[in-house]
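Q: I would like to learn how to read contacts, burial and surface patches from a set of coordinates. Please take me through one case.

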Amino acid sequence: MAVTQLPKTAATKGQEQVETRVATGEAAAAFLAGGIGCFVLGLLVTLAEMPALVDLKNGLNWMNPVGPLSGKTGVAMIAFLLAWGVAHFTIRGKDVNLKTYVIVAGVLTALGFLMTFPPFFELFA
């Protein structure tokens, strides 16, 4: 489901025009939090492959049959929810430039996606 910013509309009330705008802060917060969650997941995948951080890899093993993936996704979900909560209460009800937030979220998502590819994270192994 796509969220789009609605254009300014003018509504007439008697003889005067009243301009209304749709607040985009909530949508921007969700986009930003999604990008942060993806970035954290990619970062944890890469960091867990570093030999110097073997304790991190062991600490992320929350469930033995799943291995460290359980901790990586769990921490990414926690980061997403925290980022969403903070961003939501910071910019809710405000009319922000949604395009900027979508671009930032896209860059964070792309970086997170890149860091989950074996050719990338094996560079640090």
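A: Start with contact, which means heavy atoms within 4.5 Å. The model shown is predicted: local features need pLDDT of at least 70, side-chain atom pairs count only at pLDDT 80 or more, and totals for chains, interfaces and linings use all residues. Residues are numbered from 1 along each chain as its sequence is written, and side-chain values use heavy atoms, with hydrogens and water left out.

Q: Which residues does Thr 46 touch, not counting residues up to four places away in sequence?

A: Thr 46 touches Met 115, Phe 120, Phe 121 and Phe 124. Thr 46 itself sits in helix α1; helices (H or I, at least four residues) and strands (E, at least two) are DSSP runs, numbered from the N terminus.

Q: Is Thr 46 buried or exposed?

A: Buried means under 20% relative accessible area, exposed over 50%, and partly exposed in between (1.4 Å probe, protein chains only). Thr 46 counts as buried because its relative accessible area is 4%. Of the 125 residues of the protein, 26% are buried.

Q: Which backbone atom lies 3.1 Å from a polar atom of the Thr 46 side chain?

A: A polar contact is a pair of N or O atoms within 3.5 Å; within protein, one must be able to donate a hydrogen and the other to accept it, and residues adjacent in sequence count only if both atoms are side-chain atoms. For Thr 46, the partner is the backbone oxygen of Met 115. Elsewhere, a polar atom of the Ser 70 side chain lies 3.2 Å from the backbone nitrogen of Trp 62. Ser 70 belongs to helix α3 and is buried, with a relative accessible area of 14%.

Q: Where is Trp 62 found?

A: Trp 62 is in the loop between α2 (54-59) and α3 (68-91). Trp 62 is classed as partly exposed because its relative accessible area is 48%.

Q: Which residues make the nonpolar surface patch with Trp 62?

A: Patches are made of residues with over 30% relative accessible area and no salt bridge (a side-chain nitrogen of Lys or Arg within 4 Å of a carboxyl oxygen of Asp or Glu); like charges are joined within 9 Å, nonpolar side chains (Val, Leu, Ile, Met, Phe, Trp, Tyr) within 5 Å. Here Met 63, Val 66, Leu 69, Ile 78 and Leu 82 join Trp 62 in a patch of about 620 Å².

Q: How many helices and strands are there in the protein?

A: There are five helices and two strands, in the order β-β-α-α-α-α-α along the sequence.

Conventions:
Accessible areas come from the Shrake-Rupley method with a 1.4 Å probe; for residues, only the protein chains shown count as cover.
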